[in-house]
Amino acid sequence: AKNPVVYSDALDWARLWRTDYWGLDMFDGSWTHKSFRPLVVLTFRWNYLMHGFDSSGYHVTNVALHLATSVLLGAFASFSLRLPCAYGALLAALFFAHPVHTESVLYIVGRADLLCLILVLLASMLYE
């Protein structure tokens, strides 16, 4: 955990908006891959405030986000795509249990993928 936005005593909002995923300043001229993910960094901060560096809390959060993503996908299928509720539930169950999602759930940094899909599904459902 080298990102000071995650583990510092006070949240530095200005630093959150000018640093990348790993805490490197994107505008100081040094090399950075410029992966700007402030929502993910904020969730890491919340985890740090609740659990410190104990990784179990981060993994529980990822499992909860994966469950929320699965439920949202089922709701999207039923309400936005107008599939029967049974098909939406089947889609949600298959998405939740499919082994291709292992990395997104087990790797702490996989949270970015989970949050991205949650936001895409919410935006799609709100658009309709």
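# Notebook: helices and cysteines

I started at C116, which is partly exposed, with a relative accessible area of 46%. I use buried for under 20% relative accessible area, exposed for over 50% and partly exposed for what lies in between, with a 1.4 Å probe and protein chains only. The model is predicted, so I took local features at pLDDT of at least 70 and side-chain atom pairs at pLDDT 80 or more, while totals for chains, interfaces and linings use all residues. Residues are numbered from 1 along each chain as its sequence is written, and side-chain values use heavy atoms, with hydrogens and water left out.

**Cysteines.** I looked up C85 next and found it exposed, at a relative accessible area of 58%. I then asked how many disulfides the rule gives. The count is 0, where a disulfide is a pair of cysteine sulfur atoms within 2.5 Å.

**Whole chain.** I counted 7 helices and 0 strands, and the order along the sequence reads α-α-α-α-α-α-α. These elements are DSSP runs, numbered from the N terminus: H or I of at least four residues for helices, E of at least two for strands. The C-alpha trace spans about 50 × 30 × 25 Å along its principal axes. Of the 128 residues in the chain, 38% are buried. I also checked sequence separation: of the contacts between residues at least 6 apart in sequence, 54% join residues at least 24 apart. Contact here means heavy atoms within 4.5 Å.

**α3 and α4.** I looked up how helix α3 (residues 38–51) and helix α4 (residues 55–80) lie against each other, and their axes come within 9 Å and cross at roughly 130 degrees. That angle makes α3 oblique to α4. The axes are lines fitted to C-alpha atoms, over the stretch in contact for helices, with angles from 0 to 180 degrees between N-to-C directions. Under 35 degrees counts as roughly parallel, over 145 as roughly antiparallel, 65 to 115 as roughly perpendicular, and the rest as oblique. I noted the crossing of α3 past α4 as right-handed, that is, with the near helix turned clockwise from the far one by less than a right angle (anticlockwise would be left-handed). From α3, F44, N47, Y48 and H51 meet G57, Y58 and T61 of α4. By class, the residues of this contact are 3 nonpolar, 4 polar and no charged. The classes put Ala, Val, Leu, Ile, Met, Phe, Trp, Tyr, Cys and Pro as nonpolar, Asp, Glu, Lys and Arg as charged, and the others, Gly among them, as polar.

**α3 and α7.** I repeated the check for α3 and α7, and found axes that come within 10 Å and cross at roughly 120 degrees. The two helices are therefore oblique to each other, and their crossing is right-handed. L39, V40, T43, F44 and N47 of α3 make the contact with R111, A112, L115 and L119 of α7. I sorted the residues of this contact into 6 nonpolar, 2 polar and 1 charged.

**L122.** I found L122 in helix α7 (residues 111–127), partly exposed at a relative accessible area of 36%. Its C-alpha atom is separated from that of L73 by 9.4 Å, with their positions 49 residues apart along the chain.

**R82.** I looked up R82 last and placed it in the loop between α4 and α5 (85–97). R82 has a phi near 60 degrees, a positive value in a residue other than glycine. Most residues other than glycine have a negative phi. R82 is exposed, with a relative accessible area of 60%.
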